[in-house]
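Work through the exercises below with the sequence and the coordinates open side by side. Each task is followed by a solution that proceeds step by step.

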Amino acid sequence: MSEPHTPRSGGALPGLLKGLATTARTLARPTHTTEYPDAPPHLPPRSRGVIALLEENCTSCMLCARECPDWCIYIDSHKETIPATTPGGRERQRNVLDRFAIDFSLCMYCGICIEVCPFDALHWSPEFEYSELDIRDLLHEKDRLGQWMPTVPPPPALDEHSAEPAEVAAANKPARPARAGGAPTPARAARAERPERPARPEGAVRPERPERPERAARPERTVRAPRSDAEAAAAAQQAAAGEGVGPQTTPHSPPPSERPAAPQGPAATEPPADSVPAEPPTPPSEASESGTAETKSTETPPGEEP
């Protein structure tokens, strides 16, 4: 096994000499210490110090308050009616900002409110000297937020190779030249070049359209009367009794799968030529009377042999 390495101590003199050498090297160099607050610090141009408000651009759309993850923005507003500028015009309504406050004791300086503002009412300012002795005094209203607008740096210049903004392009677009002598537009000129339709001869009668046949009236629906409890119970018993009963067949009849198909069409409704028309059913009262008459006629009177 190897023996553990133990550093050799050269004494306190070498360490003291190294420290004095470092002090001697930095003694002749210029200092970089900023004497704050006597000398202001040099901050980057896009440093996030405080949020400034441009009140004229705010429309009280509440978009910044809704998107704030800390809910530290408070906005109050009311609507104001603007009279029409021209006779017969309509009156307009606009939102008037009553209160705009930011609680910097809750703000986490994420910058979402500045990014989502559609009218550039919020800006980053490098100002950072707004500390307070009481945390409740970090709730700043719109007057204090507006005082930081002069400290907002101008936006950086656009890249020389970038596309021209749409607003600048629209402003620099030349106006349309006026047409001399009321020249027609290309669309009207194309319509004028179309051939005219031939005129209809005099005395020509336009053919009348055939009248549409009237639709047959739909038959009225018959409303079925509700069944009584007794009828419903009887129908339920019949349905229960008929569940286990299959199709009745005679011993000599073929099974349903081997039976011939029933004729369809007009032949199915016409009876065969050699068929005998069925007699109408006899009412029960007449059948009972005829039956008693037959039994009476077949009886043998007394004194006669059968």
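On a 1 Å grid over the protein atoms alone, a pocket is an open set of points where a 1.4 Å probe fits, with protein on both sides within 12 Å along at least five of seven lines, and its lining residues have an atom within 4 Å of a point. The model is predicted, with local features needing pLDDT of at least 70 and side-chain atom pairs counting only at pLDDT 80 or more, whereas totals for chains, interfaces and linings use all residues. Residues are numbered from 1 along each chain as its sequence is written, and side-chain values use heavy atoms, with hydrogens and water left out.

**Exercise 1.** Describe the lining of the largest pocket, and state which residues lie nearest its centre.

Step 1. The largest pocket holds about 670 Å³ of space, a volume being the space filled by probe spheres set on grid points that are joined across faces, edges and corners.

Step 2. Its lining consists of 17 residues, and those nearest the centre are Arg 46, His 123, Trp 124, Pro 155 and Pro 156.

Step 3. By class, the lining has 10 nonpolar, three polar and four charged residues, where Ala, Val, Leu, Ile, Met, Phe, Trp, Tyr, Cys and Pro count as nonpolar, Asp, Glu, Lys and Arg as charged, and the others, Gly among them, as polar.

Step 4. Helix 3 (112–116) and strand 4 (122–125) each supply at least two lining residues, and strand 4 gives the most, with four; helices (H or I, at least four residues) and strands (E, at least two) are DSSP runs numbered from the N terminus.

**Exercise 2.** Follow strand 4 to its partner, strand 1, and determine how the two are joined.

Step 1. Four bridges join strand 1 to strand 4, and the two run antiparallel; strands pair if DSSP finds at least two bridges between them.

Step 2. The bridge partner of Ala 52 in strand 4 is His 123, a residue already met among those nearest the centre of the largest pocket.

Step 3. From strand 1 (residues 50–53), Val 50 and Ala 52 point one way while Ile 51 and Leu 53 point the other way, and all are buried, that is, under 20% relative accessible area, with exposed meaning over 50% and partly exposed in between (1.4 Å probe, protein chains only).

**Exercise 3.** Work out the strand order of the open sheet, and then decide whether His 140 and Lys 79 are buried or exposed.

Step 1. The open sheet has three strands in the order 2-3-5, with antiparallel pairing. Strand 2 (73–82) and strand 5 are the edge strands, since each pairs on one side only.

Step 2. His 140 lies in strand 5 (residues 139–140), which two bridges join to strand 3 (residues 92–103), and Ile 102 stands opposite His 140.

Step 3. His 140 counts as buried because its relative accessibility is 4%. Leaving aside neighbours within four places in sequence, its contacts (heavy atoms within 4.5 Å) are Phe 100, Ala 101, Ile 102, Phe 104, Tyr 130, Glu 132, Leu 145 and Trp 148.

Step 4. Lys 79 is found in strand 2 and is exposed, because its relative accessible area is 62%. With neighbours within four places in sequence again left aside, Lys 79 is in contact with Gln 93, Arg 94 and Asn 95. Lys 79 and Asn 95 are 16 residues apart in sequence, and their C-alpha atoms are 4.6 Å apart in space.
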